[in-house]
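Thanks for asking me to look this over. Here are my notes, written to be read with the structure open beside them.

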There are 2 protein chains.
Amino acid sequence: MSDDITILISNLSKLPGIGKKTAQRLAYYIISDKSDFAFSLSDSIRNAKKSAVFCSVCHNITTTDPCAVCSSNSRDKSIICVVSETKDLLAIEKTKGYNGVYHVLGGVISPMKGIGPDDINAASLIRRLDGSIKEVILATSLGVEGETTAMYLARLIKPMGVKVTRIARGIPSGAELEYADEATLSNAIALRREIN
Amino acid sequence: MSDDITILISNLSKLPGIGKKTAQRLAYYIISDKSDFAFSLSDSIRNAKKSAVFCSVCHNITTTDPCAVCSSNSRDKSIICVVSETKDLLAIEKTKGYNGVYHVLGGVISPMKGIGPDDINAASLIRRLDGSIKEVILATSLGVEGETTAMYLARLIKPMGVKVTRIARGIPSGAELEYADEATLSNAIALRREIN
C-alpha cells in the first residue's frame with residue numbers, strides 16, 4: 001500500500017517466527033489501535049535497546065553491569081551454569097531451584113552454520129575458572145549443536161581440575177513413554193537410576 | 001530482569017497472537033541484534049502510526065486521503081466490496097481479480113462483544129449509495145458475526161434499489177471433501193451450480 005506501512009511490515013517480518021502475513025496483521029493492529037500503544041511500543045524498543053548491556057562477567061543481557069545474578073551476595077559463585085542464550089538463563093531462574101551463577105555463550109558451536117569456538121563466549125568462561133570455581137554445569141540443549149558445544153567445553157575444562165556436569169537427559173516430567181522419541185527413551189533406560 | 005527490558009516484553013505481549021514466551025523471545029532478539037535493527041523497527045512503528053490515516057471515502061488505512069484505490073481512475077466506482085478489515089481488502093487486492101472499490105467496516109456486528117451497527121462504518125456506506133452505485137458485494141466473513149453484519153447491511157441497502165451480493169460459500173479450491181465441516185459441505189451441495 002503506502003511506504004511507511006510497507007516499511008513497518010517488512011521490519012516486523014524480520015523478527016524470528018513472524019512471517020509476512022503475521023507481520024501484516026501486527027502492523028495493522030499497531031496502526032489501528034486508538035490509544036498511544038504504537039508510540040509506547042516504539043519507545044520501549046528504543047529504550048530497551050539503549051539501556052541493554054551484556055554483563056561483563058557472564059554475558060547475560062541486562063541493564064546493569066555486572067548483572068543482578070553476578071552482583072548478588074546470596075548466589076553461590078563457585079558453581080557456573082553454562083547456557084547458550086539469555087532466555088535459557090531466564091527459564092532456569094524461573095524454576096527457583098538453582099542458586100549458582102551463569103555463563104551465557106551467546107550461541108552454540110555449529111560447523112554447518114560456520115559458528116566455531118571463537119564465535120561463542122568460551123574463552124571468557126575459561127578465564128573465569130581461577131580456582132574458586134568448584135563445578136561447571138553444561139546446560140546447552142541436548143541436540144547435536146548443544147552436545148557438540150558441551151563436549152568441546154568439557155574437554156577444555158576437565159584438565160583444569162574443575163568438576164564438569166551435564167544436565168540430565170530423560171523423559172520429561174508428566175510425559176507419556178509412548179510419545180518419547182527413540183533416542184530419548186533408550187537414553188532414559190541406559191541412564192536409569194537406582195531407587196534407594 | 002531489568003525495567004526497560006520488562007516494559008518491552010510487556011508491550012510486545014499486548015500484540016495479537018503474541019504470548020508471554022514469544023514476547024520474551026522477540027525482545028531478546030531485538031535487543032541482541034548487533035545491527036541498528038531495534039532503532040529502525042522503533043522508527044518504522046512511529047512513522048507508520050504518524051502517517052497512517054483512514055481514507056475518508058472507504059475507511060481503508062492509508063497514507064494518502066483518498067486512498068490509492070479510491071483515487072484511481074482505472075477502478076470501477078459503481079461496485080463497492082464491503083469488508084470488515086483493511087487486511088481483507090489487501091487479501092482481495094492480492095488476487096488481482098477485482099476492479100471495483102471498497103468499504104472497510106472496521107469491525108463486524110457482535111452482540112456478544114457489545115459491537116452494534118453504530119460501532120462499524122455502516123452509516124457512511126449508506127451515504128455512498130447515491131445512485132451511481134450499481135452493486136454492493138458483502139465480503140464479511142462467513143462466520144456468525146460476519147453473516148449477521150451482512151444480513152443487517154443487506155436489509156438496509158436492498159430497499160434502496162441497489163443490487164446486493166454475497167461472496168460464494170463452498171468448498172475451498174484444492175480442498176478434500178472429507179475435511180470440510182458439515183455446514184460447509186451441506187451448503188456446497190445446496191448451492192450447487194449447473195455446468196453448461
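The points below go through the interface of chain B and chain A, and then one helix of chain B.

1. A word first on what you are looking at: this is a predicted model. Please read the values below as computed from that model.

2. How many residues meet at the interface? On chain B, 46 residues are in contact with 46 residues of chain A. Together the two chains bury about 4700 Å², and 71% of that area lies on carbon and sulfur atoms.

3. For charged pairs, the count between chain B and chain A is two salt bridges. One to look up is between the side chains of D43(B) and R46(A), with N to O at 2.6 Å. Polar contacts across this interface come to 13 residue pairs, with both residues at pLDDT 80 or more.

4. Which elements of chain B supply the side that touches chain A? Those giving two or more residues are α1 (3-12), α2 (20-32), α3 (37-51), β2 (61-62) and α4 (86-95). The largest share is from α3(B), with 15 residues. By residue type, this side of chain B divides into 22 nonpolar, 14 polar and 10 charged.

5. Do take a look at α2(B) too. This helix has 13 residues and spans 18 Å from first C-alpha to last, close to the 18 Å expected at 1.5 Å a residue. Its buried residues are A23(B), Q24(B), L26(B), A27(B), Y28(B), I30(B) and I31(B).

6. What do those buried residues of α2(B) pack against? Their partners in chain A are α3 (37-51), β2 (61-62) and α4 (86-95), and within chain B they pack against α1 and α3.

Methods:
Residues are numbered from 1 along each chain as its sequence is written. Chains are lettered from A and ligands numbered from 1 in the order in which they are written. This is a predicted model: local features need pLDDT of at least 70, side-chain atom pairs count only at pLDDT 80 or more; totals for chains, interfaces and linings use all residues. Side-chain values use heavy atoms; hydrogens and water are left out. Contact means heavy atoms within 4.5 Å. Buried area is the accessible area (1.4 Å probe) that two parts lose on being put together, summed over both. A salt bridge is a side-chain nitrogen of Lys or Arg within 4 Å of a carboxyl oxygen of Asp or Glu. A polar contact is a pair of N or O atoms within 3.5 Å; within protein, one must be able to donate a hydrogen and the other to accept it, and residues adjacent in sequence count only if both atoms are side-chain atoms. Helices (H or I, at least four residues) and strands (E, at least two) are DSSP runs, numbered from the N terminus. Ala, Val, Leu, Ile, Met, Phe, Trp, Tyr, Cys and Pro count as nonpolar, Asp, Glu, Lys and Arg as charged, and the others, Gly among them, as polar. The expected span of a helix is 1.5 Å times one less than its number of residues. Buried means under 20% relative accessible area, exposed over 50%, partly exposed in between (1.4 Å probe, protein chains only).
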